[in-house]
Amino acid sequence: MAERKVKKVFAARPTLEGAGVKLKRAFGFREVPLFDPFLMLDDFGSKNPDDYTAGFPWHPHRGIETVTYMLEGHVDHGDSLGNSGTVGPGQVQWMTAGRGIVHQEMPRREAAGLRGLQLWINLPRAHKMTEPRYRDISAESIPTVRTPEGAEVKIIAGRFQSVGGPVREIFGNPEYLDVTLPPGTPFVREIEAKHGAFAYVMEGSAEFGPSAERVVRGQTALFGSGPAVRATAGPEGARFALISGRPWGQPVAWRGPIVMNTEEELDQAFREYENGTFLG
């Protein structure tokens with residue numbers, strides 16, 4: 001089976017967000033439209049609570065989906081739809097902002113530290129102003145498949161070996177897999193031909209594609225076209241998020257927490273937020 005080549009490897013960049021949260025940005029504004037329909041991936045958390053407890057106080061979103069996947073620690077949240085609660089280890093918060101939502105995410109101070117991933121997914125023009133929607137995905141509802149070679153695959157969205165993840169009915173049919181490989185273990189995943197795909201290495205290292213491009217913790221491999229992604233874990237094993245989705249190929253106008261198609265739409269969104277009609 002032909003393999004997708006690694007087009008480019010990106011190293012996560014230290015970034016300050018929210019009210020002063022130190023995090024690592026795997027990719028973001030500068031990489032649009034390379035990752036279409038994905039806008040940004042942040043790896044947030046630290047063993048030092050002072051790096052993250054300032055959190056992300058109340059702020060708006062429009063035109064995107066945000067996906068928070070907790071690996072360690074807990075984040076308390078609330079939003080303008082009336083949802084509130086805590087996202088803990090292994091849990092996912094999948095939020096479709098659509099025409100508008102205001103929320104906050106406040107990490108708890110914990111001795112063991114905190115770590116999570118937040119992915120932003122662009123909405124297509126026809127659904128930018130769709131009704132906001134919130135999904136709270138428990139760790140228990142995320143299925144795990146083990147391959148004969150020894151790979152462990154958690155399926156958040158999409159399907160793997162006929163097993164479907166709990167997140168369904170998402171624009172662009174994205175697939176979100178959490179893949180763990182013991183040292184030297186191979187892994188192959190077929191990808192829909194028209195979908196873009198990338199892998200973010202959370203732990204260890206892996207070699208991807210026909211050229212065996214080595215990608216280590218904190219790096220992202222962006223793949224070219226082809227029917228499948230192939231990986232082989234390094235000597236310390238590997239854990240990576242393998243994410244794919246249909247690109248929209250549409251203009252992107254992006255300012256802070258709001259992503260639209262034109263500057264005029266952005267101006268309107270911020271005017272509405274300032275005059276109190278954003279959620280109307």
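User: Hi! How do strands E18 and E22 pair up, and over how many bridges?

Analyst: Hi! In this predicted model, strand E18 (residues 186–190) pairs with E22 in the antiparallel sense, over five bridges. If you want a spot to look at, find Phe-187: Ala-231 in E22 stands opposite it.

User: Cool. Which strand pairs with E22 over 11 bridges?

Analyst: That would be strand E19, residues 196–208, and the pairing is antiparallel. One place to check is Val-201, whose bridge partner in E22 is Phe-240. There is also strand E17 (residues 175–181), which is joined to E22 by seven bridges, again antiparallel. In that pairing, Leu-181 has Ala-238 of E22 as its bridge partner.

User: And is E22 largely enclosed or open to the outside?

Analyst: Largely enclosed by the rest of the structure, because 13 of its 18 residues are buried. The strand covers residues 228–245.

User: Switching to rings. How many aromatic pairs are there?

Analyst: The structure holds 13 of them. One is Trp-120 with Trp-254: the ring centres are 5.9 Å apart and the planes meet at 40°, so this pair is tilted.

User: Where do those two Trp residues lie?

Analyst: Trp-120 is in strand E11 (residues 114–122) and Trp-254 is in strand E23 (residues 253–255). They are 134 residues apart in sequence, so the pair ties together parts that are far along the chain from each other.

User: Buried or exposed, those two?

Analyst: Trp-120 has a relative accessibility of 7%, so it counts as buried. Trp-254 is buried as well, at 12%. The cut-off for buried is under 20% relative accessible area.

User: You mentioned Phe-187 and Phe-240 before. How are their rings arranged?

Analyst: Edge-to-face, because their planes are at 70°, with the centres 6.3 Å apart. This pair links distant parts of the chain too: Phe-187 belongs to strand E18 and Phe-240 to strand E22, 53 residues apart. Both of these Phe residues are buried.

User: Which residues do ring pairs link into a cluster?

Analyst: Phe-10, Phe-27, Phe-35, Phe-38 and Phe-198.

User: Okay, helices. What's the story with H1, how many residues does it have?

Analyst: H1 has 13 residues, 263–275. From its first C-alpha to its last it reaches 18 Å, close to the 18 Å expected at 1.5 Å a residue.

User: Which of its residues are buried?

Analyst: Leu-266, Ala-269, Phe-270 and Glu-272. They cover an arc of only 155° around the axis, which puts them on the same side of H1. On the other side, Glu-264, Glu-274 and Asn-275 are exposed.

User: What covers the buried ones?

Analyst: The cover includes E23 and strand E24 (258–260). And E23 is the strand where Trp-254 lies.

User: What comes just after H1?

Analyst: Gly-276, which takes a positive phi of about 85°.

User: Last one! What's the strand order in the open sheet of four?

Analyst: The order is E5-E10-E7-E8, with antiparallel pairing. E5 (56–61) and E8 (84–87) are at the edges with a single partner strand each, so one side of each has no neighbour in the sheet. The twist averages 25° from one strand to the next.

User: How many bridges join E5 to E10?

Analyst: Four, and the two strands run antiparallel, with E10 covering residues 101–107. To see one of the matches, look at Pro-60: its bridge partner in E10 is Val-102.

Conventions:
Residues are numbered from 1 along each chain as its sequence is written. This is a predicted model: local features need pLDDT of at least 70, side-chain atom pairs count only at pLDDT 80 or more; totals for chains, interfaces and linings use all residues. Side-chain values use heavy atoms; hydrogens and water are left out. Two strands pair if DSSP finds at least two bridges between them. Axes are lines fitted to C-alpha atoms, for helices over the stretch in contact, and angles run from 0 to 180 degrees between N-to-C directions. Buried means under 20% relative accessible area, exposed over 50%, partly exposed in between (1.4 Å probe, protein chains only). Rings of Phe, Tyr and Trp (its six-membered ring) pair if their centres lie within 6.5 Å; planes under 30 degrees apart count as stacked, over 60 as edge-to-face and the rest as tilted. The expected span of a helix is 1.5 Å times one less than its number of residues. The arc is that of the directions from the helix axis to the C-beta atoms. Contact means heavy atoms within 4.5 Å.
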